[in-house]
Amino acid sequence: NPDKYFIAKINHGVCGAMIQIVHSVEDLETLDPSYEYCVQYYVNDPLLFGHRQRKIDFRSSFCQIFKDDQLHVYFNTRHQARCAPDSYEPLSEANKNNIESHITCHERYFEPNYPKYFVTDDFSNWSDYYNFQPWSLVCKYYNEESKYENFEERAQKVFKDFALQTNSLLTPFFRFFFEIGSRETYVKKGNVFFNLWGMDVLMDEHMKPYWLEYNIVPANGDIN
């Protein structure tokens, strides 16, 4: 199908390592056979941010804590947004290698002296250049300068729903490692056992959400 594109990610990559856009059988043959990959459908009408209209996605997180013989879950309502360095161009065969337009988080961006990485240093005004955008400034832009009504309320509902689903899926995993690795320490010393989960979420131009992945040890801010 000439209109279908996919993103291939290695199963244990961090910071966008080895992400590739796939469009053909020939593209599949360029993947490193020594790795396992997750291949996902590419959303070609993503939500865009700012006057430069850059592709944006979101890192939402929650924390599971086992204390007082109960599992507690704390949902972070101050999410983080990640923006691609360049303005968005709908993906095509001609520009599929332009990662700066199509990928919000890629290993290239974190190389020393990469010229298109701008560290967030102003928390009162949203920026057309920062790679990472604080949640308050994301909401400021969409509420004041975009067509999206009630953006924050609608987005929070999506993130909370994804968090509840992810929590249900991962609680057995969390409890298994608690029982085999930390139960004894918890009983003897009263230590609290916890894990922070980070979910990556993309929305299209109609705010339809797409769950991308979850991270066991998520970063929540500028890397450089």
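A residue counts as partly exposed when its relative accessible area lies between the buried class, under 20%, and the exposed class, over 50%. Keep that cut-off at hand during this tour, which passes through a predicted model.

Begin by selecting Glu145, which sits in helix H3; because its relative accessibility is 38%, it counts as partly exposed. With neighbours up to four places away in sequence set aside, Glu145 touches His51, Trp126 and Lys140. If you then add Gly16 to the selection, you will have two residues that are 129 apart in sequence and whose C-alpha atoms are 30 Å apart in space.

Next, colour the whole of helix H3, residues 135-145, and pick out its buried residues, which are Trp135, Leu137, Val138, Cys139, Tyr141 and Tyr142. What covers these buried residues includes strand E4 (48-49), E5, E7, strand E8 (132-134) and H4, and showing those elements together with H3 lets you see the cover in place.

From there, move to one of the covering elements, helix H4, which runs over residues 151-181. Its 31 residues reach 42 Å from the first C-alpha to the last, close to the 45 Å expected at 1.5 Å a residue. Within H4, centre the view on Leu170, where there is a kink of about 45°, and then look for the proline Pro172, since the kink lies shortly before it.

The next stop is the largest pocket, with a volume of about 860 Å³. Of the 41 residues that line this pocket, select Lys9, Ile19, Arg82, Asp200 and Glu213, the closest to its centre. Two or more lining residues come from each of strand E1 (6-10), E3, strand E5 (54-67), strand E7 (80-87), strand E9 (193-203) and strand E10 (209-215), and the largest share, six residues, comes from E10. Coloured by class, the lining of the largest pocket shows 24 nonpolar, ten polar and seven charged residues.

Keep Arg82 selected, for this residue also belongs to the lining of the largest cavity, along with Thr104, Tyr109, Phe110, Tyr117, Asn131 and Phe132. The volume of that cavity is about 30 Å³, and a search of the whole structure finds one cavity of 30 Å³ or more. Four of its lining residues are nonpolar, two are polar and one is charged.

Now go to strand E3, residues 37-41, and select Tyr41, which counts as partly exposed because its relative accessibility is 43%. Beyond its neighbours within four places in sequence, Tyr41 is in contact with Lys4, Tyr5 and Phe6. A distance drawn from the C-alpha of Tyr41 to that of His102, a residue 61 places apart from it along the chain, comes to 13 Å.

End with two loop residues whose backbone angles deserve a look. Met18 lies in the loop between E1 and strand E2 (20-22), and has a positive phi of about 60° although it is not a glycine; with a relative accessibility of 25%, Met18 counts as partly exposed. Asp69, in the loop between E5 and strand E6 (70-75), likewise is a residue other than glycine with a positive phi, here near 60°. Is Asp69 buried or exposed? Asp69 counts as exposed, because its relative accessibility is 55%, and the exposed class begins over 50%.

Conventions: Residues numbered from 1 in each chain as written. Predicted model: local features only at pLDDT ≥ 70, side-chain atom pairs only at ≥ 80, totals over all residues. Heavy atoms only, no water. Helix = DSSP H or I, 4+ residues; strand = E, 2+ residues; numbered from the N terminus. Expected span 1.5 Å × (residues − 1). Bend = angle between axes of the 7 residues up to and from the residue. 1 Å grid on protein atoms, 1.4 Å probe; cavity = no way out; pocket = protein on both sides within 12 Å on 5 of 7 lines; lining within 4 Å. Points joined across faces, edges and corners; volume = space filled by probe spheres on them. Nonpolar A, V, L, I, M, F, W, Y, C, P; charged D, E, K, R; others polar. Buried < 20%, exposed > 50% of the residue type's maximum accessible area, 1.4 Å probe, protein only. Contact = heavy atoms within 4.5 Å.
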